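Student: Hi! I've just opened a new structure and could use some company while I look around. Could you walk me through it?

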Amino acid sequence: MQFTRIVDLSRTVGPRTQAFPGDRAPSVERSATVPVEGFNSSAVHMSSHSGTHVDAPFHFLDGGQRLEDLPLERFTGPAVVVDATGLPDRSPVTAADLEPWRDRFVPGAAVLVRTGWDGHYGTPRYFDHPYLDASAARLLAESGVRCVGVDSPSPDSTPHGPHAPGDWAAHSVLLGAGAVIVENLRGLERVDFADPLFMALPIRLSGGDGAPVRAVAARLD
């Protein structure tokens, strides 16, 4: 078998990366050049939650697993793309909305929730995305799903400002179950082939609460 198609679901990480409220956009500075040092190199400064990235349980739980503690299988699996498009701003995705795909929510699966909100990336409206409510998160966790991705900045409703209180029900339920969460996916509509394999491997960041990933969906024939 071989990969016959690979769909890139990742955002570029750089100065134009849209940062979560209260976070900083990444910076990439040239630290060496071919004319001076004989090679090109860059200094990169960024949050561990920049661009398309994964949240480890430690992100919300002091006793939760860090990135380097997690098996690589947690970041990959058969993809189940849930169509949650057409919802109003800041509306919940409920367990009832997930029901048509319920029989595919099995241990080892990667459930990717497509809201279409990646089309608002780079605008203030990107933070007015639909979100998973507690019932949806519980359904996924109780089904044994341990990898959940969204095409928005968070599976929870994003607070209206950097210091506003947030309701982190989806993070709490999923990370509390030992799952990982992949945020800021894009282009889930292009995963239009049978039996896609999802992969979102993070760098092995020491003590990692999260890290950028190169998220892809691949077809194997």
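Student: Let's start with His171. Which side chain does the side chain of His171 make a polar contact with?

Tutor: Happy to help! Keep in mind that this is a predicted model. The partner is Asp55: the two side chains make a polar contact at 3.0 Å.

Student: And where is His171 found?

Tutor: Look at helix H4, which covers residues 169–176; His171 is found there.

Student: Is His171 buried or exposed?

Tutor: His171 is buried, because its relative accessibility is 2% and the cut-off for buried is under 20%.

Student: Which residues is His171 in contact with, leaving aside its neighbours within four places in sequence?

Tutor: Asp55 is one of them, and the others are His59, Phe60, Ser154, Pro155, Asp156, Gly176, Ile181 and Glu183.

Student: Glu183, okay. Where else does Glu183 turn up, say around the largest pocket?

Tutor: That pocket holds about 280 Å³ of space. It is lined by 24 residues, and Glu183 is among the closest to its centre, together with Phe20, His49, His53 and Pro153.

Student: How does the lining of the largest pocket divide into nonpolar, polar and charged residues?

Tutor: Nine are nonpolar, eleven are polar and four are charged.

Student: Now Val150. Which strand does Val150 lie in?

Tutor: Strand S9, made of residues 147–150. Val150 counts as buried because its relative accessible area is 4%.

Student: What is Val150 in contact with, beyond its neighbours within four places in sequence?

Tutor: Glu183 shows up here as well, along with Val113, Pro155, Val182, Asn184 and Leu185. You can also compare Val150 with Gly116: they are 34 residues apart in sequence, and their C-alpha atoms are 9.6 Å apart in space.

Student: Changing topic: how many salt bridges does a search of the whole structure find?

Tutor: Six. As background, side chains of opposite charge can pair when their charged atoms come close.

Student: Show me one. Which residue does Asp128 form a salt bridge with?

Tutor: Arg90, and the closest N and O atoms of that pair are 2.9 Å apart. The pair links distant parts of the chain, with the two positions 38 residues apart in sequence numbering. Asp128 sits in the loop between S7 and strand S8 (131–132), while Arg90 sits in the loop between strand S5 (76–83) and strand S6 (92–93).

Student: Why does Asp128 count as partly exposed?

Tutor: Because its relative accessibility is 24%, and partly exposed runs from the 20% cut-off up to 50%. Arg90 is also partly exposed, with a relative accessible area of 21%.

Student: What about Arg102, which side chain does it meet in a salt bridge?

Tutor: The side chain of Glu99, at 3.5 Å from N to O. Arg102 is partly exposed at 42% relative accessibility, and Glu99 is partly exposed at 39%.

Student: And Arg219, what does its side chain meet in a salt bridge?

Tutor: Asp221, with an N to O distance of 3.2 Å. Arg219 is partly exposed at 34%, and so is Asp221 at 46%.

Student: Last one: where is Pro100 placed?

Tutor: Pro100 is in the loop between helix H2 (95–98) and strand S7 (110–114). It counts as exposed because its relative accessibility is 60%, and exposed means over 50%.

Student: How far apart are Pro100 and Gly122 in space?

Tutor: They are 31 Å apart, C-alpha to C-alpha, and 22 residues apart in sequence.

Key
Residues numbered from 1 in each chain as written. Predicted model: local features only at pLDDT ≥ 70, side-chain atom pairs only at ≥ 80, totals over all residues. Heavy atoms only, no water. 1 Å grid on protein atoms, 1.4 Å probe; cavity = no way out; pocket = protein on both sides within 12 Å on 5 of 7 lines; lining within 4 Å. Points joined across faces, edges and corners; volume = space filled by probe spheres on them. Nonpolar A, V, L, I, M, F, W, Y, C, P; charged D, E, K, R; others polar. Helix = DSSP H or I, 4+ residues; strand = E, 2+ residues; numbered from the N terminus. Buried < 20%, exposed > 50% of the residue type's maximum accessible area, 1.4 Å probe, protein only. Salt bridge = Lys/Arg side-chain N within 4 Å of Asp/Glu carboxyl O. Polar contact = N/O pair within 3.5 Å; in protein donor to acceptor, adjacent residues only side chain to side chain. Contact = heavy atoms within 4.5 Å.
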